[in-house]
Amino acid sequence: MSKIMLSKRLEKVAKYIPSTTEVLADIGSDHAYLPCYVCLQNPDIKAIAGEVNVGPSESAQAQVNQFGLTNRIDVRLGDGLSVLEPEEADCIVIAGMGGSLITSILENGKSKLSNVNRLILQPNIDAQSIREFAVDHQYQIVDEQILDEDGYIYEIVVLEPSEDHVQYSDKELFLGPILLKTKGEVFYRKWRNVLQKKEKIIEQMKRSSNISEQKLNLFTQQTHWIKEEIGSDNS
Ligand code: SAM
């Protein structure tokens, strides 16, 4: 077998891997689809497929064996970036998890990031925590994507280390500094849905006797930001 079909989501993630990458680490790599695809496309890349769970790790190893890539892809069982040696990887992908889990994997493995030129992160939810990680650890957001696959909306956030302190407004952290510029149909759809949900929650909070003013103010502010950006445009 010499070809692998990636999901639209992982294909978009793969496009962000620089062709100059020497060692790609895919953390949370059940089936190792992404590293197999990348290694079949680019003969110069090596990869590490990290997995914390035995079953998915065995599936990843089986996939790597099937594609005859055992000399280029190392499947390693372990938590987050602990599977990496310091300075081993120069590009890291963490995809298909919640934003806060991705952030905690990066926080716990900070010592493994010193040689990394690019982090390609695909949170299923809570992309804001990724953007906050960028600010806290001096990464700039170099690109963002939003896409729909099988009715689910995913975001991709691409980070690179920055020389300077990076600053984004609270609104940019919430909606995405680049997505705010590019928007697009999926962006409008996602935020229309979020707006509806938040407005319902605000109504319920206002009726509640046990109201958290702080949460109410935050949600109200967020609904203002969403309205500012999607307006009545249904494109
Ligand atoms: N990255 C693939 C993708 O985007 O399609 C797989 C996503 S799958 C939903 C998440 C995978 O991450 C699971 O196989 C899970 O076992 C693994 N995982 C979760 N926490 C992890 C951690 N701390 N370190 C390594 N792998 C982890």
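Which residue has a polar backbone atom 3.4 Å from a nitrogen atom of the ligand? To find out, open this predicted model, show the ligand as sticks, and select Val52, since the polar backbone atom at that distance from the ligand nitrogen belongs to Val52.

**Around the ligand**

Keep the ligand in view and next select Ala95, where a backbone N or O atom lies 3.0 Å from a nitrogen atom of the ligand. Then turn to Arg9, whose contact involves the side chain: an N or O atom there is 2.8 Å from an oxygen atom of the ligand. Arg9 is also one of the residues that come nearest among the 17 around the ligand, and you can complete that nearest group by adding Gly28, Glu51, Asp79 and Gly80 to your selection.

**The two domains**

Now zoom out and colour the chain in two parts, with domain 1 running over 8–166 and domain 2 over 185–230. The contact between these domains takes five residues from domain 1 and four residues from domain 2, while their C-alpha centres lie 32 Å apart.

The size of an interface is often given as the accessible area lost when the parts come together. Here the area buried between domain 1 and domain 2 is about 440 Å², and carbon and sulfur atoms give 63% of it. Select Ile146, Asp148 and Ile153 together, as these residues supply 77% of the area that domain 1 buries against domain 2, more than any other three residues.

**Charged pairs and strands at the interface**

Next, show the side chains of Lys190 and Glu155, which meet in a salt bridge with an N to O distance of 2.5 Å. Across the interface of domain 1 and domain 2, two salt bridges are found, and the count of residue pairs in polar contact between the domains is also two.

Finally, select β6 (139–149) and β7 (152–161), the elements that give two or more residues to the side of domain 1 that touches domain 2. Of the elements on this side, β6 gives the most, with three residues. Colouring this side by class shows three nonpolar and two charged residues, with no polar ones.

Terms used
Residues numbered from 1 in each chain as written. Predicted model: local features only at pLDDT ≥ 70, side-chain atom pairs only at ≥ 80, totals over all residues. Heavy atoms only, no water. Domains from an automatic or database assignment. Contact = heavy atoms within 4.5 Å. Buried area = accessible area lost by both parts, 1.4 Å probe. Salt bridge = Lys/Arg side-chain N within 4 Å of Asp/Glu carboxyl O. Polar contact = N/O pair within 3.5 Å; in protein donor to acceptor, adjacent residues only side chain to side chain. Helix = DSSP H or I, 4+ residues; strand = E, 2+ residues; numbered from the N terminus. Nonpolar A, V, L, I, M, F, W, Y, C, P; charged D, E, K, R; others polar. Near = heavy atom within 4 Å.
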